[in-house]
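Please open the model in your viewer and keep the sequence panel visible. The tour begins with the whole chain and then moves to one helix.

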Amino acid sequence: MNVFAENPWFKALPPAEAEALLAAATPRHLAAGEFLFQQGDPVDSPTGGFFGLASGLLKLCILHPDGNEAILTIIEPGNWIGELAVIEGAPRGNTAIAVLDTDVLVVSPDKFNLLMQRPAFSHAVAVLLAARLRLASGLMGDSGLQSTHERIVRRLVLLARGDMTESTEQRSVISTSQDTLAMMIGISRPTLNKELQVLVKQGAIAVRYGRIEILDMEMLQGR
């Protein structure tokens, strides 16, 4: 499937491993607003498995008991998620919700564990986990930066690369609302808007309805 072939992690899989992964998967459709899985779900439940996003969008978040939501990222087509819970055999630590009508490929825990017996596949999953740990560590480090401006710029740069996708190619249009971006960074919407307007005045970005356009990446990064 072309959408997976364009993903850096999947593209790096040896052909035999890529074919085995796709062969082990079954399709599932989610309506907008439907849960793929929820935090606390056991890995052997119907929502268990390793998932490839074929179309649509998924919101990965943590839902707090008080009703507040912390958005971790918006997952784009081509990405695979859910491996950590299957490897640990532990309940899900977060929630995945379809933002739009969404199609996923589901690899059951049993089939995933069989794939993990293949050295090339297990190595690829280790690489995937390492990349996500590095990304998470970087974002956690950002929370300690004194400048909210720096945190916003870093997230915009990551989103230009597909955030979790970590594409080598940067896009000029980020289709993310200011509300979602503010929740990703952990700041208020007014604070975000104020900082974005500074970047607008500099000529680095343009703010449109439901999206942000990067006009000058070097200026955005302060080069």
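## The chain as a whole

Select the entire chain and display its surface: the accessible area is about 11300 Å², and 55% of this belongs to carbon and sulfur atoms (Shrake-Rupley method with a 1.4 Å probe; for residues, only the protein chains shown count as cover). This is a predicted model, in which local features need pLDDT of at least 70, side-chain atom pairs count only at pLDDT 80 or more, and totals for chains, interfaces and linings use all residues. Residues are numbered from 1 along each chain as its sequence is written, and side-chain values use heavy atoms, with hydrogens and water left out.

Next, switch to a cartoon, where 10 helices and 11 strands appear (DSSP runs numbered from the N terminus: helices are H or I with at least four residues, strands E with at least two). Reduced to its C-alpha trace, the chain spans about 55 × 40 × 30 Å along its principal axes. Colour by burial: 45% of the 223 residues are buried (under 20% relative accessible area, 1.4 Å probe, protein chains only).

## Helix 8

Now select residues 178–185, which form helix 8. Is this helix mostly covered or mostly uncovered? It is mostly covered, with 6 of its 8 residues buried: Q178, T180, L181, A182, M184 and I185.

Add the elements that cover these buried residues, including helix 7 (148–160), helix 9 (189–202), strand 5 (69–75), strand 10 (205–208) and strand 11 (211–214). Contact here means heavy atoms within 4.5 Å.

Finally, select G186, which follows helix 8 and has a positive phi, near 85°.

How values were computed
Buried < 20%, exposed > 50% of the residue type's maximum accessible area, 1.4 Å probe, protein only.
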